[in-house]
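Welcome! Here is a short briefing to help you find your way around a structure you have not met before. Please keep the sequence and the 3D view open as you read.

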Amino acid sequence: MNEMEELGRLWADTPEPSAHDLAASRAALMSTVARPGGRGVLARPRGRGVLARSGAFLRTRRVALAGAMAAALTVGILAAQVGLGGSDPGNPLAAPPADAQTLLKLAARAAAEQPDTVPARGQYVHTRRLTQRSLFTADEAGTLQYSKVLVNEERWEAADVGRPWLSREQAVSATGPAPRNRWDHGVEDTVYEPATCPGQPAYARLRSWPTDPAQVRARIVADTGADPLRMWSSLQGLVAESVVRPSLSAALYQVAAGLDGIVLIPGTVDVAGRPGLAVGMDQGDGTRSDLIFDGRTYRYLGERTVNTRDRKAKLPFGEVIKRKGTANGTAVLTVDVVPGLPEVSPNASRMQIPC
């Protein structure tokens, strides 16, 4: 076997690293091959110089050549890992994604490696989420004040049509002046029952979607048009619903990577406090909507909407100022399959599934 040809084949698909990418690899290489005192492996033998015995010289030369080849291979491996822009979560030299498009492509790769959850007939897709909401309450003087409320959400959605669904919410904490009786209402169940039409639960609706990015994009454009902002809004909803089907999520991320106007937001945390990276798009109304991904595995964590400036908002009881930097959003905690609905609260609200 020709080793050089084999190495060429191995690295054929690896992109050429930039000078920035190679900096860390070069430093690691030089610290590996350098001798004490700053002299490299090809430093002149001490004491006897070029008159050293031929056998000792040849042994030194062989060691030097072997070390040089190993070092060259190390450079290739390190450069490839760094050049992939964070694609190897276990590599401490891996650079974070440089832009939103790269992050979405890495997220697509991570999603494609996850198996789809396939519930059987009669089973339910059960999702657990933590949601952050804004609550405005009036003090004794009538001034409206802001509080942040965290709510546990669970949803049991039938895998097939014609069966009821259940949504369960329970507020767990609030940050701000709102009195407890304004945000803590205990367990709140809502049962969605089939109407005259069977309805289309998310799993039943999305399991027929293609996973080819071009076909997925065409389907979204047919519904929203080609405007990037409208497509982004549609993608956010589809991503949230497709957590049970990562093969579709992968295609959605690839479609999102092709949109104009997306930006990378580093140093992000989701509603549950998990660190990550986000891809966002300005909504044109003083807000930005984000998709959040784990900064190491690139798996989807959740979504949020952030106020990018102070802005006025009209509520039924008055006008409020939504402050720059405040956000609402949802973090996905778990997704699994269960055999049926849990016991429903006797005080549950009941609604008909819209057609």
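The notes below go through aromatic pairs, salt bridges and one residue of strand 4.

Please keep in mind that this is a predicted model. A search of the whole structure turns up four aromatic pairs, and the count of salt bridges comes to 12. Strand 4, which covers residues 188-193, is a good place to start looking.

**Aromatic pairs and a charge over a ring**

- Begin with Trp165 and Tyr192, whose ring centres are 6.3 Å apart; their planes meet at 40°, so this pair is tilted.
- Trp165 belongs to strand 3 (residues 165-175) and Tyr192 to strand 4, so the pair ties together parts that are 27 residues apart in sequence.
- Trp165 has a relative accessibility of 10%, and because buried means under 20%, Trp165 counts as buried.
- Tyr192 also has a charged neighbour: Arg155 lies over the face of its ring, 5.9 Å from the ring centre.
- Another pair to look for is Phe293 with Tyr300, where the centres are 6.2 Å apart and the planes stand at 70°, so the arrangement is edge-to-face.
- Phe293 is buried, at 0% relative accessible area, and Tyr300 is buried too, at 15%.
- Together with Tyr253, Phe293 and Tyr300 make up one aromatic cluster.

**Salt bridges around strands 3 and 4**

- Arg155, the residue over the face of Tyr192, also has a salt bridge with Glu157, with 3.0 Å from N to O.
- How exposed or buried are these two partners? Glu157 counts as buried at 9% relative accessibility, while Arg155 counts as partly exposed at 26%.
- Next, find Arg168 and Asp189, which form a salt bridge with their closest N and O atoms 2.7 Å apart.
- Arg168 sits in strand 3 and Asp189 in strand 4, so this salt bridge ties together parts that are 21 residues apart in sequence.
- Both of these residues are buried: Arg168 has a relative accessible area of 18%, and Asp189 has 4%.

**A link to strand 12, and a network**

- Which residue meets Glu193 in a salt bridge? The partner is Arg350, and the N to O distance is 3.0 Å.
- This pair links distant parts of the chain, since Arg350 is in strand 12 (residues 349-352) and Glu193 is in strand 4, 157 residues apart.
- Arg350 counts as exposed, with a relative accessibility of 53%, whereas Glu193 counts as partly exposed at 31%.
- Elsewhere on your tour, look for Arg133, Glu153 and Glu169, which are joined into one network by salt bridges that share partners.

**A closer look at Thr190**

- Thr190 is another residue of strand 4.
- With a relative accessible area of 16%, Thr190 is buried.
- Which residues does Thr190 touch, leaving out those up to four places away in sequence? They are Trp165, Leu166, Ser167, Ser349 and Met351.
- One of these contacts, Trp165, is the residue whose ring pairs with Tyr192.

Note on methods. Residues numbered from 1 in each chain as written. Predicted model: local features only at pLDDT ≥ 70, side-chain atom pairs only at ≥ 80, totals over all residues. Heavy atoms only, no water. Phe/Tyr/Trp six-rings, centres within 6.5 Å; stacked < 30°, edge-to-face > 60°. Helix = DSSP H or I, 4+ residues; strand = E, 2+ residues; numbered from the N terminus. Buried < 20%, exposed > 50% of the residue type's maximum accessible area, 1.4 Å probe, protein only. Lys NZ or Arg CZ within 6 Å of the ring centre and 35° of its normal. Salt bridge = Lys/Arg side-chain N within 4 Å of Asp/Glu carboxyl O. Contact = heavy atoms within 4.5 Å.
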